[in-house]
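Work through the exercises below with the structure in view, and try each task before you read its solution.

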Protein chains: 2
Amino acid sequence: MPPRTPLDADAVLAATEDILRRHGPDKATVVDVARALGVSHAAVYKHFASKQALREAVTRRWLDRNRDTLAGIAADRAVPPAQRLRSWLHAVLTVKQAKIREDPELFAAYGILAAAHSSVATGHVADLLGQLTAIIADGAADGTFRTDDAAATARVVFTATARFHHVAHAAEWQNPGIEDELDEVCSLLLEGLQNN
Amino acid sequence: MPPRTPLDADAVLAATEDILRRHGPDKATVVDVARALGVSHAAVYKHFASKQALREAVTRRWLDRNRDTLAGIAADRAVPPAQRLRSWLHAVLTVKQAKIREDPELFAAYGILAAAHSSVATGHVADLLGQLTAIIADGAADGTFRTDDAAATARVVFTATARFHHVAHAAEWQNPGIEDELDEVCSLLLEGLQNN
DNA sequence: TAGGTAACAGGTGTCAAACTTTGTAACCTG
DNA sequence: CAGGTTACAAAGTTTGACACCTGTTACCTA
């Protein structure tokens, strides 16, 4: 018996997210998801090629939910580039702290994908790098920053702040002084970046 | 029958290191170590309070083997502080790359201790931070670097270069461009550090 | 008495059998 | 014919009996 409302990819994603949250990334099965939807597990495979693909789609959606917040900060020309760089790096940390606090299960799922060099993780990094490049390009254009390759400089800044956004350091984001540490790293990087 | 040469802590450490290398950190048992020494496993417990303590002692010894190389670079007043900072950071990376290549089993054992916040790991970090502080203090003294707290600045530099020495990033140390990346991060940090 | 032994309780790891899960295939149905 | 079904093989996971390891104790001996 087909369900009254036909199954769509979005409903599958929502149900998977829920199951992932309740069972954890290791115990969430496709059968569980199907059961939650009142459907056979084969139906789920009509919408997603594999369990891996389903997981990636859920994680991508979850990562994308805060993209606009960060993109907004990166693109806000009203704030001078140096201060914008600082705020943006803080925002990245804050967003990730919130994610780990609110959704430890989904965060763990993201960690697994990142470790497996999944395109979701590299895509997320590319997205953040793009935003950072935009901030630095703005700073280069208005003379605040000294650089002749905004993308390369963005990569360097991103590497130097790995402790504050790389999943491998997630445990350290709970440390009480972490924001101050980021502030200090920002200050040193800005000294290096700015004309003076 | 007691052995001809009485067992001492050092012989136990050497045997443990050997077993660790041959069996890997997960399969190396205290019984294996005792067997290699021709002794009962209880004898090993006369010298080390627990398997954990034995492991930590082995790791500490292994970490200490390259300490002098790095300490030598850090203390070499013949090299100007800026260049010394750069060489030292490269040396830390090189030493760790060599360790992971030559002794993956012992490196894995170190990774486990680091994750468990063992005093061996924190001690190792404190040691490196001390060396870095010395370089920066030298730079502050001769006017190369602008800082009023060498230890704090050392912490910031260490944090900003986490990707090149923190165990969590060990997999990335195999990347071909990693040295160039470190070079670029160094350059930016030195710009920020130096008077100009 | 420092440094060894043998024996043991309790915890952890291993292995094969039984069960789940994944992914596919062949088949319905509005 | 898109979107569902049941049935199934292959791969992965759980289970439970059993072996092995850790850490301790009581004891031996140069």
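**Exercise 1.** Determine how much area chain B and chain A bury between them, and which residues of chain B lose the most area to chain A.

*Solution.* In this predicted model, chain B and chain A bury about 1700 Å² between them, and 67% of that area lies on carbon and sulfur atoms. Turning to the side of chain B, we find that B:V156, B:T159 and B:L188 lose the most area to chain A, and that these residues together account for 32% of what that side buries. Counting contacts instead of area, with heavy atoms within 4.5 Å as the cut-off, we find 22 residues of chain B in contact with 21 residues of chain A.

**Exercise 2.** Find the salt bridges and polar contacts across the interface of chain B and chain A, and then describe the side of chain B that touches chain A.

*Solution.* Begin with the charged pairs: the rule finds two salt bridges across this interface. A:E191 forms a salt bridge with B:R146, and the closest N and O atoms of this pair are 3.5 Å apart, which lies within the 4 Å cut-off. Next, the search for polar contacts across the interface gives three residue pairs, with both residues at pLDDT 80 or more. On the side of chain B that touches chain A, α9 (150-160) and α10 (178-193) of chain B each supply at least two residues, and α10(B) gives the most, with eight residues. Sorted by class, the residues of this side divide into 11 nonpolar, five polar and six charged.

**Exercise 3.** Identify which residues come nearest to DNA strand D, and which helices supply at least two residues each of the surface near this strand.

*Solution.* Of the 17 residues around DNA strand D, those that come nearest are A:L7, A:S40, A:K46, B:Y45 and B:K51. The helices that each supply at least two residues of this surface are α3 (41-47) of chain A, together with α2 (30-37) and α3 (41-47) of chain B, and α3(A) gives the most, with four residues. By class, the surface has 10 nonpolar, five polar and two charged residues.

**Exercise 4.** Which parts of DNA strand D do A:K46, B:V30 and B:K51 approach?

*Solution.* Take the residues in turn. An N or O atom in the side chain of A:K46 is 2.8 Å from a base oxygen of DNA strand D. For B:V30, a backbone N or O atom lies 2.8 Å from a phosphate oxygen of the strand, while a polar backbone atom of B:K51 is 2.7 Å from a phosphate oxygen. Finally, of the atoms of DNA strand D within 4 Å of the protein, 55% belong to sugar or phosphate, and the rest belong to bases.

Notes. Residues numbered from 1 in each chain as written. Chains lettered and ligands numbered in written order. Predicted model: local features only at pLDDT ≥ 70, side-chain atom pairs only at ≥ 80, totals over all residues. Heavy atoms only, no water. Near = heavy atom within 4 Å. Polar contact = N/O pair within 3.5 Å; in protein donor to acceptor, adjacent residues only side chain to side chain. Nonpolar A, V, L, I, M, F, W, Y, C, P; charged D, E, K, R; others polar. Buried area = accessible area lost by both parts, 1.4 Å probe. Salt bridge = Lys/Arg side-chain N within 4 Å of Asp/Glu carboxyl O.
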